[in-house]
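Student: I would like a close look at one part of this structure. Please take a single residue and work outward from there.

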Amino acid sequence: MIRRQFAAALLLVALLMPYAAFAQQPQGTQPPAPDPNDPIVRIKDEGMNRSQVMQTLSYLSDVIGPRLTASPNMKRANEWTRDTLTKWGLQNAHLESWGPFGRGWSLKRFSAQVIEPQGIPLIAYPKAWSPGIEIMPEAGTAITTRRRNPAAAAVQPSSVLTADVVYFDAKGENDLARFKGQLKGKIVLTMPIREVKAHFETQGTRRDEKNLLSLANAPMPRPSGRGGFGGNRNAEFLALQQFNAKKNQFFVDEGAGLLVDASRGDGGTLFVQSATVPQPFSPNAFGPNAPRRINAYDKDAPKIIPQMVVAVEQYDRIVRMIQAGDKVKMEVNLAVEWQNTDLNGYNTIAEIPGTDPQLKDEIVMLGGHMDSWHSGTGATDNGAGVAVGMEAVRIIQALGLKPRRTIRIALWSGEEQGLLGSRAYVAQHFGKMETPATTAAGNGASASRPGGGDGTPPTAPATPPAAVLVKMPDYDKLAAYFNLDNGTGKIRGVYLQGNDAVASIFRQWLTAFQDRPNENVWQAQTLSLSNTGGTDHLAFDGIGLPGFQFIQDEIEYETRTHHSNMDMFDRIQADDMKQAATIMAAFVYQTAMRDEKLPRKPMAGR
């Protein structure tokens, strides 16, 4: 028994030693009293005791609301953040176009209910960039209206569809014939029933010591290869994708009136994103040589069917009613408005100018994406990151601190469609990776060649050349970019993106946020070599610039608020927001004050 306990103790020490060495600061004696003139002490005081982060977020999410890229609300958010940053004293606040995006879209009216065999109000939401419903009145009704009132305007289509509901349960391509001629003008349930299981664990969580230990001990990330995407997709997956492509086109060809999906959430939470545009099937749909994908927001997008998402419990009930023999009828009112005048996307940019004659042209950047999906108000994704970034520069400006380098905040749009705003900004200002055109045979590269008439076999295409970095003038001026985009949770540390050269610097900075005994305010001591993806720091990291995303507590991000109708201000944790803004302000300020820019990791092609 003693031997087992001794072995277990040794194992525990072995596990905890690297974590303590890399991520956590040793708990020494009581730290000395803080110097009230220390800029970091002042940042902590301003950020925690006079914060405006919640007021900023409330206006952005409650008053302006959801901010779909290129929508009127997105434009209003761009202008409001520009004007607010100017009011706070930042300079050169402006909107910067990142190029053509596509059509704006906004919802004007929506309701959905089952009306037969009984009334059932539905928890539902239309997909972004779904067309509205347009039902022209029957010819006889229109003629009667004009006879009664000859001066009446031209008859307008109705946005209300009242139609039978069809459960589309085709299992494969051969099963489509069963629905031939059955879908015209109908409301179509497109998905099978999904079992809804009980939640026996809380949906809201914070990172525990085990999770932080795993992050701290993460190995150096492997270099990304030059292969395509999804190389491990098996035949079953590809067959399903091929059937889905044919099914989506079948709905269009058959003239369905409205398509209904079940939400992947439950308990009233709906996860809603973009309307689906039928695409030709390609096994390499997301690879480097994939065909151009058509998006619902494209200016030249084809006409598609109106689409909405319904709460899974109600969706499943309607399916079971139909399976039991009920004739179900639904009424849906869906009116939308398209914005076609300005097809560009915009980022909001503002600065605190640097003051050191030798360093003021160098830049420290921070930011987060301001665009959101539309069924909530974009509070946790990513109004939280925007408000934290704005609060960080407000703190620095309000304290009258004079950074040596210029501090620049960027609030992106187009992130939800593929980091479009940040990638374009980085390409315009800092650089981009370009793959050289394959040269003809005889210039050092072998081109592919079809078989000849003499029976010569065709040659395989040459391996595409590696991408190379094309630098823009500001490439060597950027010290670092800091991003926040994982919801409302407090900062617990930093993902280093494989840049181990910054670890000692960040570790030193985090000592200012070491909790005193019996204090759990900061809890930010973890550094992880891990890469983390899916947000705007990747635009910088992808060309070898120091771009970092903070490690955050999960709270309810993936389980409840991310891309859902529950992404609302009420899900925000105020103390976490204050903590995050304070730490971001400190990191940005200290980066701006260093003698040297932050070190960069080695990168092929640079």
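Student: Which residues does Ala124 touch, not counting residues up to four places away in sequence?

Tutor: First, some ground rules: the model is predicted, local features need pLDDT of at least 70, and side-chain atom pairs count only at pLDDT 80 or more, while totals for chains, interfaces and linings use all residues. Residues are numbered from 1 along each chain as its sequence is written, and side-chain values use heavy atoms, with hydrogens and water left out.

Ala124 touches Phe110, Ala112, Leu270, Met308, Val309 and Val310; a contact means heavy atoms within 4.5 Å. Ala124 counts as buried because its relative accessibility is 13%. Here buried means under 20% relative accessible area, exposed over 50%, and partly exposed in between, using a 1.4 Å probe and protein chains only. Along the chain, Ala124 and Val272 are 148 residues apart, yet their C-alpha atoms are separated by 9.5 Å.

Ala124 belongs to strand 4, which covers residues 124–126. Strands (E, at least two residues) and helices (H or I, at least four) are DSSP runs, numbered from the N terminus. Strand 4 is one of eight strands in an open sheet with mixed pairing, ordered 3-2-9-5-6-7-8-4. Strand 4 and strand 3 (120–121) stand at the edges with a single partner strand each, so one side of each has no neighbour in the sheet. Two strands pair if DSSP finds at least two bridges between them. In general, strands of a sheet pair through backbone hydrogen bonds, either parallel or antiparallel.

Elsewhere in the sheet, strand 5 (residues 160–167) and strand 9 (residues 329–339) run antiparallel and are joined by five bridges. Within this pair, Leu161 stands opposite Val332 of strand 9.

Helix 8 (residues 312–323) lies across several strands of the sheet, including strand 2 (104–116), strand 3 and strand 8 (307–310). Helix 8 runs at about 65° to strand 5; axes are lines fitted to C-alpha atoms, for helices over the stretch in contact, and angles run from 0 to 180 degrees between N-to-C directions.

One last detail concerns the loop between strand 2 and strand 3, where Pro117 lies. The peptide bond from Glu116 to Pro117 is cis, with omega near 5°.
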